[in-house]
Amino acid sequence: MKRLIKQMRDELSPLYPQGEREALIRIIAMDLLKISSTAFYLKDEITLDPTRQEKLNNAIERLKKAEPIQYILGQTEFCDLTFNVNPSVLIPRPETSELIKWIVEENSNKETKILDIGTGSGCIAISLAKMLPNAQITAWDISPRAIETAKSNNTLNGTSVTFVEQNIFTANEEAKYDTIVSNPPYIKEVEKRNMQRNVLDWEPGVALFVPDSAPLLFYREIARKGQQMLKKGGKLYFEINREHGKETITMLAEYGYTNIELRKDFAGNDRMIRATL
């Protein structure tokens with residue numbers, strides 16, 4: 001084990017700070033190579049078979065190109081569930097779980113109809129399906145590959161979400177929903193300069209970025225379509241760009257939404273909004 005750890009440290013040290021590097025080494029050893037925690041921490045001497053050695057070499061080369069470890073593993077954990085991930089979908093973020101918790105708190109034990117717009121991996125829709133067994137959930141995404149990934153996660157987690165390839169800007173939905181939730185693209189182009197390579201080079205830009213001139217592009221369209229798609233008293237839930245909380249509140253009020261509440265995430269940033277039609 002000492003030899004393997006040394007190999008990984010030598011290869012990754014120029015590219016990753018110590019804390020991140022050591023975390024990556026543990027993940028590669030235990031999650032990718034399936035080395036037991038006992039063998040890893042006791043530094044037992046291990047010789048990899050050719051298959052595992054190839055996996056190790058491949059992982060190191062991909063990490064050198066700043067590929068996220070979640071894509072290398074092909075999976076990640078979110079809300080105590082496992083999700084398949086690849087460069088066609090965003091890697092679920094911890095703050096999104098707070099949005100899910102809020103929805104669950106306000107909709108538990110209800111027979112409710114939910115639409116998730118821009119579902120990506122399906123992490124929001126599938127997590128809600130697990131936590132709200134009486135909910136009927138539909139999820140949209142513009143990307144065929146994202147829908148394919150989301151469907152694989154639906155099967156993986158034993159849920160029955162309906163996934164549909166759909167663009168909110170061309171949608172003409174006649175169904176009525178109790179809840180619409182969305183974590184749409186909200187990062188402005190100007191913010192790219194402060195982002196890391198593992199996001200910029202690997203995660204899908206179509207799911208991340210909006211023009212600097214229209215930071216609320218998706219929120220406005222969802223709020224507008226929500227006027228027809230939500231039942232009376234139905235709710236919108238958004239994850240938002242922390243810089244545009246007040247603007248989003250103002251926009252929702254202009255479209256006739258009430259009981260608008262802005263919440264912060266665990267880091268103290270404005271991150272979630274709920275509004276009632």
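This tour moves from the whole chain of a predicted model to a series of individual residues.

**The whole chain**

Begin with the entire chain displayed as a cartoon. Its secondary structure comes to 11 helices and 11 strands. Viewed along the principal axes, the C-alpha atoms fill a box of roughly 65 × 40 × 30 Å. The radius of gyration is 21 Å, which agrees with the value near 19 Å that a compact globule of 277 residues would have.

Next, colour the chain by accessibility. Buried residues make up 49% of the 277 residues. The exposed surface is about 13,600 Å², and carbon and sulfur atoms supply 48% of that area. If contacts with a separation of 6 or more are drawn, 65% of them join residues 24 or more positions apart.

Then select the charged side chains. There are 37 positive and 38 negative ones, and the centres of the two sets lie 1 Å apart.

**G74 and the strand that follows**

Select G74, in the loop between α5 (69-73) and β1 (75-78). Which residues does G74 contact, apart from its neighbours within four places in sequence? They are F83, N84 and V85. For V85, the C-alpha atom is separated from that of G74 by 5.4 Å, although the two residues are 11 apart along the chain.

Continue along β1 to the loop between β1 and β2 (81-84), where D80 is found. Most residues other than glycine have a negative phi. D80 has a positive value, near 65 degrees. Its relative accessible area is 79%, so D80 counts as exposed.

**The cysteines C79 and C123**

Select C79 and C123 together and show their sulfur atoms. A disulfide is a covalent bond between the sulfur atoms of two cysteines. How many disulfides does the count give? The count comes to 0. C79 takes part in none, and its nearest cysteine sulfur, that of C123, is 7.6 Å away. Seen from C123, the closest cysteine sulfur is likewise that of C79, and the distance of 7.6 Å is too far for a bond. C123 is buried, with a relative accessible area of 9%.

**T119**

Move to T119, in the loop between β3 (113-117) and α7 (123-131). Is T119 buried or exposed? Its relative accessibility is 5%, so T119 counts as buried. With residues up to four places away in sequence set aside, T119 touches A125, A139, W140, D141, I147, A150 and F163. Displaying these side chains around T119 shows its surroundings.

**E165**

From T119, select E165, which lies in strand β5 (residues 162-165). Beyond residues up to four places away in sequence, E165 touches D141, I142, P144 and I147. D141 and I147 are also among the residues that T119 touches. A distance drawn from E165 to E148, C-alpha to C-alpha, gives 9.5 Å for a pair 17 residues apart in sequence.

**N259**

Finish at N259, in strand β10 (residues 258-264). What is the phi of N259? The angle is positive, about 50 degrees, although N259 is not a glycine. N259 is exposed, with a relative accessible area of 58%. For a closing view, show N259 alongside D80, whose phi is also positive in a residue other than glycine.

Definitions and conventions: Residues numbered from 1 in each chain as written. Predicted model: local features only at pLDDT ≥ 70, side-chain atom pairs only at ≥ 80, totals over all residues. Heavy atoms only, no water. Helix = DSSP H or I, 4+ residues; strand = E, 2+ residues; numbered from the N terminus. Buried < 20%, exposed > 50% of the residue type's maximum accessible area, 1.4 Å probe, protein only. Contact = heavy atoms within 4.5 Å. Disulfide = S-S within 2.5 Å. Rg over C-alpha atoms; globule rule 2.2 N^0.38 Å. Areas by Shrake-Rupley, 256 points an atom, 1.4 Å probe, with all protein chains shown as cover. Lys, Arg positive; Asp, Glu negative; His and termini not counted. Charge placed at Lys NZ, Arg CZ, Asp CG, Glu CD.
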